[in-house]
Amino acid sequence: MELWFTECHTSDVKFSIKVNEQLFSVQSDFQRIDVFESKEFGRFLTLDGYMMLTEKDEFIYHEMMVHVPMAVHPCVKNVLVIGAGDGGVVRELVKYPTVENIDMVEIDELVVEVSKKYLPFTSCALDDERVHITYQDGLKYVRACEDKYDLIIVDSTDPFGPGEGLFTKEFYGNCYKALKSDGIIVNQHESPFYKEDALAMQRAHKRIVESFSVSKVYQAHIPTYPSGHWLFGFSSKKYHPTRDFDGMKWDMLGIKTKYYNTRLHTGAFALPNYVEELLRDVE
Amino acid sequence: MKLNQNEMPVYEALQKMKRERIVPFDVPGHKHGKANPELTEFLGENCMSVDVNSMKMLDNLCHPVSVIKKAQELAADAFGAKNAFFMVGGTTSAVQTMILATCKEGEKIIMPRNVHRSAINALVLSGAIPVYVNPDSDKRLGIALGMSVDEVLKAIKENPDAKAVMVNNPTYYGICSNIRKIVEIAHQHGMKVLADEAHGTHFYFSDRLPVSAMEAGADFASVSMHKSGGSLTQSSILLMGENVNPDYVRQIINLTQTTSGSYLLLSSLDISRKNLALNGNEIFEKVCGLAQYARDEINNIGDYYAYSKEIINGDSIYDFDITKLSVNTFDVGLAGIEVYDLLRDEYDIQIEFGDLDNILAYISVGDREREIERLASALSEIRRRFGKEKSGMMDHEYINPIVCASPKQAFFAEKKSVKIEETQGLICGEFVMCYPPGIPILAPGEMITKEILDYINYAKEKGCFMTGPEDIEIKSLNVVAE
């Protein structure tokens with residue numbers, strides 16, 4: 001018997017992983033949550049059938065979401081993390097002793113529970129005393145915040161389904177208000193490769209560019225996401241991601257990473273021509 | 001409800017027609033969509049296959065004897081009415097029918113000045129003469145309210161020959177007059193009560209909402225099923241009470257109604273009626289909850305005022321429809337219409353309307369909390385990015401119109417354009433609407449007085465928003481030629 005998990009990356013492209021066992025499946029108030037065990041990718045989590053993370057390649061996404069802004073901002077103390085119920089972003093953040101407080105806002109409590117039970121490799125730092133979890137729509141939470149955070153990390157699902165509100169202009173505007181005058185926001189920015197994904201990426205980019213004076217995009221290779229080519233947004237009220245970046249200082253921290261390094265930091269902002277063009281079209 | 005509300009006679013007849021694979025040698029010529037592949041691709045085969053003409057098994061809207069008749073009986077039962085007619089020309093056609101069925105040429109009808117345009121247009125058809133009642137207005141909110149019972153009584157006493165009283169139940173903004181009391185005094189004086197319930201379908205299916213016209217004893221009610229009832233746009237229901245002859249009303253309807261009533265519209269009424277009858281209470285409970293949540297979140301932003309039952313004053317605001325999300329934008333320093341445009345242009349959010357001081361967002365069972373979050377967040381952003389110092393408030397005074405000619409006479413009369421400063425004493429040939437509070441200053445057939453001209457100047461200076469006349473700057477008006 002063969003058991004395969006399949007996600008359609010487009011209506012004509014499928015991505016499949018051979019599954020040893022399905023560990024968990026539930027329909028929460030917001031989405032369907034599944035956890036599988038596989039030989040090639042280890043454990044993996046899907047929401048509504050979309051790949052969220054695998055044990056084998058999650059480090060790429062989580063390191064790139066966290067260390068890029070942390071190496072630019074001179075002193076991050078107060079962080080807001082939106083989504084990220086699996087805990088991967090928090091795991092990277094707690095490596096910084098300067099971080100005093102992490103507010104994590106996840107809409108679906110079940111994602112956190114499931115992650116704590118089945119995904120210890122990402123959820124391991126959720127019990128850190130600096131972490132405070134609120135179960136709420138991120139859009140609602142951030143509406144009430146003003147001049148509060150040094151860094152906001154938006155680890156959302158795709159812009160259809162429960163994460164839709166996190167790709168809107170009102171959300172980015174509310175984040176602008178919630179950030180301090182030198183605050184940074186990093187968001188997952190979808191993929192530029194397949195047509196539908198590229199359109200979603202452009203829509204998100206257009207709305208964020210309208211809200212922040214600095215809005216740059218960087219990339220990473222994530223084998224289990226559609227096309228494997230993934231983008232992140234770096235937006236800020238003050239800091240430029242490569243010009244205001246102090247690689248030496250970050251190296252001195254001695255943080256151990258598997259993907260991120262300070263040479264790659266600068267390189268990640270160098271984008272292929274076709275991606276630059278897609279971005280320019282909406283800037 | 002006495003009948004089995006699970007039944008859907010029109011829907012079931014259409015299903016049966018499909019099962020029997022009837023070969024169509026009748027209209028419509030698209031023949032279940034086969035003759036128009038592009039349209040069929042767009043609307044779907046299911047939709048095209050039931051866009052059919054009246055036939056034996058499907059009954060006939062003009063003279064219903066079988067499934068449509070049965071469906072209308074079920075609707076009457078669900079709404080607590082004596083009789084009900086399915087309307088395929090929108091609630092406008094239902095309002096027209098109510099007026100044509102009660103007021104003949106030259107007869108009077110008492111109505112609030114903030115009546116819907118469709119009612120005044122119906123007067124053009126019937127030749128009836130309007131007697132307007134001052135709807136109180138709220139200066140702070142900049143909206144017209146309901147009719148006070150005393151004002152209605154005064155109009156009735158002054159016009160004992162009037163045939164009917166018309167009531168908005170509720171207004172666009174969700175405000176209700178004391179319709180029970182109005183019915184009582186109108187009936188005492190031998191007048192019929194016509195309710196415009198274009199925004200009140202849901203009143204029939206929840207005990208938390210204001211009283212419905214039929215329950216209050218009104219003689220007619222025009223119910224926009226396609227607004228809060230969930231049916232297709234353009235479908236509507238006309239309800240009638242005990243003392244109305246339905247056969248006469250049907251004759252009136254058939255004067256202007258199509259003889260090819262759409263089965264898409266009719267089946268949507270049938271299916272929606274069943275859903276409301278069986279699940280309405282639960283549905284509107286959810287809508288009330290969503291609207292209240294939205295009000296709380298919007299009021300938390302600051303400066304916006306999403307109002308509710310606290311504005312009730314026992315008379316001209318006798319009750320308030322809590323499913324309505326009306327938000328006053330005055331303290332944000334932005335006109336409602338500006339907020340309306342910003343929501344659409346900047347935030348991809350389409351709301352129902354914006355006037356000078358208010359916006360109205362339509363909440364239904366199709367909304368989820370996450371959409372409410374978007375609306376609240378966008379309003380919060382609009383305040384942060386675009387908020388201004390508030391401007392001076394408008395002092396609105398109600399001017400009693402002098403009706404010199406019926407709307408019908410004024411409509412069909414020869415007209416000429418005259419500079420506004422030279423129009424005093426002439427008879428107006430068009431509408432002049434002023435926002436706030438959204439009621440006409442002049443309607444066709446009314447005398448242009450000095451008081452009115454002064455008011456138009458004052459309103460223009462105050463930056464009021466005026467619509468209606470052909471000349472949008474209102475430098476001239478069309479008047480009835482001598």
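**Sheet, cores and chain contact in a predicted complex**

Helix H6 of chain A, residues 169-178, lies across strands E6 (78-83), E9 and E10 of chain A, and runs at about 145° to E10(A). This arrangement, like everything described here, comes from a predicted model. The predictor assigns the complex an ipTM of 0.83 and a pTM of 0.87. For chain B, the mean pLDDT is 93, with 98% of the residues at 70 or more.

The strands under H6(A) are a good place to begin a tour of chain A. E6, E9 and E10 belong to an open sheet of seven strands, ordered E8-E7-E6-E9-E10-E12-E11, in which the pairing is mixed. At the edges of this sheet are strand E8 (131-135) and strand E11 (214-221) of chain A, each of which pairs on one side only. From one strand to the next, the twist averages 15°. Strands of a sheet pair through backbone hydrogen bonds, and the pairing can be parallel or antiparallel. Strand E10 (residues 179-188) and strand E12 (residues 229-236) of chain A run antiparallel and are joined by five bridges. Within this pair, Ile185(A) has Ser235(A) of E12(A) as its bridge partner. A further helix, H1 of chain A (residues 58-72), packs on the sheet as well, where it touches strand E9 (149-155), E10, E11 and E12 of chain A. The direction of H1(A) makes about 160° with that of E10(A).

Attention now turns to the nonpolar interior. The largest nonpolar core holds 150 residues, and the members that touch the most others are Ile99(B), Ile237(B) and Leu239(B). Helix H11 of chain B (residues 263-301) gives the most to this core, contributing 14 residues. Around Ile99(B), with neighbours within four places in sequence left aside, the contacts are Ile109(B), Ala119(B), Ala122(B), Leu123(B), Ser126(B), Ala128(B) and Leu194(B). A second core, separate from the largest one, has 75 residues and includes Phe59(A), Ile82(A), Leu151(A) and Leu231(A).

Finally, the two chains meet in a contact that takes 13 residues from chain A and twelve from chain B. On the side of chain B that touches chain A, helix H12 (336-347) and helix H13 (369-386) of chain B each supply at least two residues. H13(B) gives the most to that side, with ten residues. Sorted by class, the side of chain B that touches chain A has seven charged, three nonpolar and two polar residues.

How values were computed. Residues are numbered from 1 along each chain as its sequence is written. Chains are lettered from A and ligands numbered from 1 in the order in which they are written. This is a predicted model: local features need pLDDT of at least 70, side-chain atom pairs count only at pLDDT 80 or more; totals for chains, interfaces and linings use all residues. Two residues are in contact if their C-beta atoms, placed from the backbone, lie within 7 Å. Helices (H or I, at least four residues) and strands (E, at least two) are DSSP runs, numbered from the N terminus. Ala, Val, Leu, Ile, Met, Phe, Trp, Tyr, Cys and Pro count as nonpolar, Asp, Glu, Lys and Arg as charged, and the others, Gly among them, as polar. pLDDT is the predictor's confidence in each residue, from 0 to 100. A nonpolar core is a set of buried Ala, Val, Leu, Ile, Met, Phe, Trp, Tyr and Cys residues joined through C-beta atoms within 7 Å. A residue is buried if 20 or more other C-beta atoms lie within 10 Å of its own, exposed if 12 or fewer, and partly exposed in between; C-beta atoms are placed from the backbone. Two strands pair if DSSP finds at least two bridges between them. Axes are lines fitted to C-alpha atoms, for helices over the stretch in contact, and angles run from 0 to 180 degrees between N-to-C directions.
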